[in-house]
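Good morning, colleagues. I would like to use these few minutes to walk through some side-chain contacts and surface features. Please look at the sequence and the structure as I speak.

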Amino acid sequence: QVQLQESGPGLVKPSQTLSLTCTVSDSSFTTSSYYWSWIRQPPGKGLEWIGAIRYSGYTYYRPSLKSRTSISRDTSKNQFTLQLSSVTPEDTGVYYCARVSTDGAPYGMDYWGKGTLVNVSS
């Protein structure tokens, strides 16, 4: 089965850019029927979808974060990345990557990474 693994710095200073990478273990990354998503969970709060990317490179962003968010992918490495600019302490949380299956309705996130904690602090 597919495995997803987040990686990146666990500490980011305010005003800097948060950058994370998700590595996908199998060939489903190259399959057009999946979307590749980023989700976060601030301390004590619920999950918040950030955005997603398709293998083609087409992106989708949460409207409230769109101006600060950039998601990209490297098809040769089975990786996709998140960049969130101008971060504040409110961006602190556990960040997850997940695969989104287009089978059925609504779309479902069938595989998740373990998550990685990112602390935004000076």
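Met-109 counts as partly exposed, because its relative accessibility is 30%, and partly exposed covers the range between under 20% and over 50%. I should say at once that this is a predicted model. Met-109 lies in strand S10, which spans residues 108-112. Together with Leu-47 and Trp-112, Met-109 makes a nonpolar surface patch of about 270 Å².

Strand S10 also holds Asp-110, the partner of Arg-99, which sits in strand S9 (residues 93-101). These two side chains form a salt bridge, with the closest N and O atoms 2.8 Å apart. The pair links distant parts of the chain, 11 residues apart. Arg-99 counts as buried because its relative accessibility is 6%, whereas Asp-110, at 33%, is partly exposed.

I turn now to the salt bridges as a group. How many does the structure hold? There are 5 salt bridges in the structure. A network of salt bridges links Arg-40, Glu-48, Arg-62, Arg-68 and Asp-91.

Within that network, Glu-48 meets Arg-40 in a salt bridge of 2.6 Å, N to O. Is Arg-40 buried or exposed? Arg-40 is buried, since its relative accessible area is 6%.

Glu-48 also forms a salt bridge with Arg-62, where the closest N and O atoms are 3.6 Å apart. This pair links distant parts of the chain, 14 residues apart: Glu-48 belongs to strand S5 (residues 48-54), and Arg-62 to the loop between strand S6 (59-61) and strand S7 (69-74). With 28% relative accessibility, Arg-62 counts as partly exposed.

Terms used. Residues are numbered from 1 along each chain as its sequence is written. This is a predicted model: local features need pLDDT of at least 70, side-chain atom pairs count only at pLDDT 80 or more; totals for chains, interfaces and linings use all residues. Side-chain values use heavy atoms; hydrogens and water are left out. Patches are made of residues with over 30% relative accessible area and no salt bridge: like charges are joined within 9 Å, nonpolar side chains (Val, Leu, Ile, Met, Phe, Trp, Tyr) within 5 Å. Accessible areas come from the Shrake-Rupley method with a 1.4 Å probe; for residues, only the protein chains shown count as cover. A salt bridge is a side-chain nitrogen of Lys or Arg within 4 Å of a carboxyl oxygen of Asp or Glu. Helices (H or I, at least four residues) and strands (E, at least two) are DSSP runs, numbered from the N terminus. Buried means under 20% relative accessible area, exposed over 50%, partly exposed in between (1.4 Å probe, protein chains only).
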